[in-house]
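This report goes through selected local features of the model below, grouped by region.

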Amino acid sequence: GGPAEAGSSGGSGRPAAGSELISTFDPVKAIYTYEVYASKGVSKLGLVSQTWPPDPVCVSEVPTASWAEEQGVVVGDTVIAVSGVPMEDFMSKKEVQSQFTVRPLRLRFARKGRYTAMANSRVTRLGLTPSNLPPQPVLVDDIDEDGWADRAGVTAGDKLLELDDQDVYRMSPERFADLLRSQRPLRLLLQRAFVEAMEARMKRQENCDLVTLVATPADIPLGFGPSAAPPKPVLTDRIDPGTWAERSGLLHGDELLSINGRDVYFMSRNEFMEQLRKTRPLTLVFARKKPTGGETGGSATGSDILGQTGGPEGTFTVEAKHADAQLGFTPSAVPPKLVCIASVETGLWADRSGVAAGDELISVSGRPVSAMAPEEFQQLLRGTRPLSMVFVRRGAGGVTTAPTGHTGTSPTGQTDGRVHFTVEAKLTDSQLGLTPTAAPPNTVRIAGVDKGLWADRSGIAAGDELISVNGREVSTMMPEEFAQLLRGTRPLSIGFARRGGGAATTTSPGRQTDASDPTHFTVEANLTDSELGLSPDDAPPNPVRIARVDQGLWADRSGVAVGDELLSVNG
């Protein structure tokens, strides 16, 4: 989130200019905080709490059609400040209730993204249906009305992170199912759906300015078309000539963050559409990408594309214009996985621009694909134009791609003959399990890796050089900043470089790279891997390459990608 102009429907009014309401998201603690403003016209807040200072003031009920409901307050939100005064400064229920009658009133709330639910020995059925089994992400697909999960505040879309302090992702499907069915007492750690949405938004806004626009009662219609409705990201997909949107300078691709102080993510589809159609005055806050410069003036075609960026040989840049609604290619996966082109449709933009099956997509609109959230990546391809994309072609100019990253290209674009790869630590990876040899500005290599922890599971090995953290070169960091990032920041994207010599090293469960040729790797399917989830493009004696990888199956989990060549089976 970011700064958002205040105001709401229902006559709550707006603070004076310069006193914007603030919403923030802490990705480490997974807490969303926001402010609401009650003007003199608001008689009752509609907030019910069963607890008061010195205990936290937690919302236990929000009456229908109340001011609090209009502002998006929900059960479970906690009041953390009243008109700028922290709740810790209030000593009694009487003090707080007295402040709640003051107008104008500014309230700050916290909404927890992760929470614990405990099923005791009397709970026979949890009353929830999981969407998948490990090692796939497990979301709550359905909730039984008035069952244990419903009464515990679990909602559809929440993600299961842990069962009895055990990481769900690392469980076998049988162990997971058995714990849900019969283990009591059972402690569940869950994460609200908004956490990943806010993390994705933060990444999208890393290079953005905030733009505030105001529509008056005369501005009907607004004259722009949203790309989607909440809870999906809302981008400007169409701007009608001669309307408010064009006169206000709204740009294609601007992302709508808030309407009259309300975060659009937390709006229902109906409320969102009703606000845009009928509510005036209307204060809209957008995030707009900062100009990057050096943009090309059209789509590359045919032989013009290779080497167009001036980067490593084999890379090329193509641009989709406003008229290129259909890109005409199918990606093999979504970030953070390696994204290659699985197929290209004849006659459409990708085909006309010279994009081919097997090409790897490495950046979109100047942002590395590996740093994107899946939702952001898909939204950019689907709805953002113009769109500049950088690809690398396997085999072009001798450039190849290692199983876990690009071979031979350092973060600055210089060739150094090493294997470069990037791995990401998620919110649940509290312990990285690696020991660096030094701190910046010295060269940082890995001295040791703790077995079973994140670094070991991610294929990091002693001797690997740590070269970047969250896209920044380690050599530019202060020692304290470097240590703090490793210790406390999640998610965390870490770039490594590995020299070609030495013994084979494990890069993922059941997978090994050949140190004599890091573009070769071996994966093993065990007895439980009945479906490999890959489709070859031909059969021997012709070369056999991978034409398709099914998401979530063995090949996908093992890092096999479209375009990989199958060299041997069982030796």
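## Helix α5 and the four-stranded sheet

In this predicted model, helix α5 (residues 193–204) lies across β16, β19, β20 and β21 (282–289). Its direction is at about 120° to that of β19. These four strands make up an open sheet with the order β16-β21-β19-β20, and the pairing is antiparallel. The edges are taken by β16 (208–215) and β20 (262–263); each has a single partner strand, so one side of each has no neighbour in the sheet.

Strand β19 (residues 255–259) and β20 run antiparallel and are joined by two bridges. One residue pair here is S258 with its bridge partner D263 in β20. The loop between β19 and β20 holds N260, a residue with a positive phi of about 50° although it is not a glycine. N260 is buried, its relative accessible area being 3%, under the 20% cut-off.

## Strands β5, β6 and β7

Strand β6 (residues 57–61) pairs in the antiparallel sense with strand β5 (residues 48–49), over two bridges. Across this pairing, V48 stands opposite E61 of β6. Strand β7 (residues 78–82) also pairs with β6 in the antiparallel sense, again over two bridges. Here C58 has T78 in β7 as its bridge partner.

The loop between β7 and β8 (85–86) contains S83. S83 is not a glycine, yet its phi is positive, about 50°. With a relative accessibility of 39%, S83 counts as partly exposed, since the value falls between the cut-offs of 20% and 50%.

## Helix α4

Helix α4 (residues 173–182) has F176, L179 and L180 as buried residues. Viewed down the axis of α4, the buried residues fall within an arc of 95°, so they line one face of the helix. The face turned away from that buried side carries E174 and R181, which are exposed.

The packing partners of the buried residues of α4 are strands: β11 (128–130), β13 (159–163), β14 (166–167) and β15 (186–191).

## Cis peptide bonds

Two peptide bonds leading into a proline are described here. The bond from I220 to P221 is cis, with omega near 0°, and P221 is found in the loop between β16 and β17 (224–226). The bond from R490 to P491 is likewise cis, with omega near 0°. P491 is placed in the loop between α11 (479–488) and β35 (492–498).

Technical notes: Residues numbered from 1 in each chain as written. Predicted model: local features only at pLDDT ≥ 70, side-chain atom pairs only at ≥ 80, totals over all residues. Heavy atoms only, no water. Pairing = 2+ DSSP bridges. Buried < 20%, exposed > 50% of the residue type's maximum accessible area, 1.4 Å probe, protein only. Arc of directions from axis to C-beta. Contact = heavy atoms within 4.5 Å. Axes fitted to C-alpha atoms, helices over the stretch in contact; angles between N-to-C directions.
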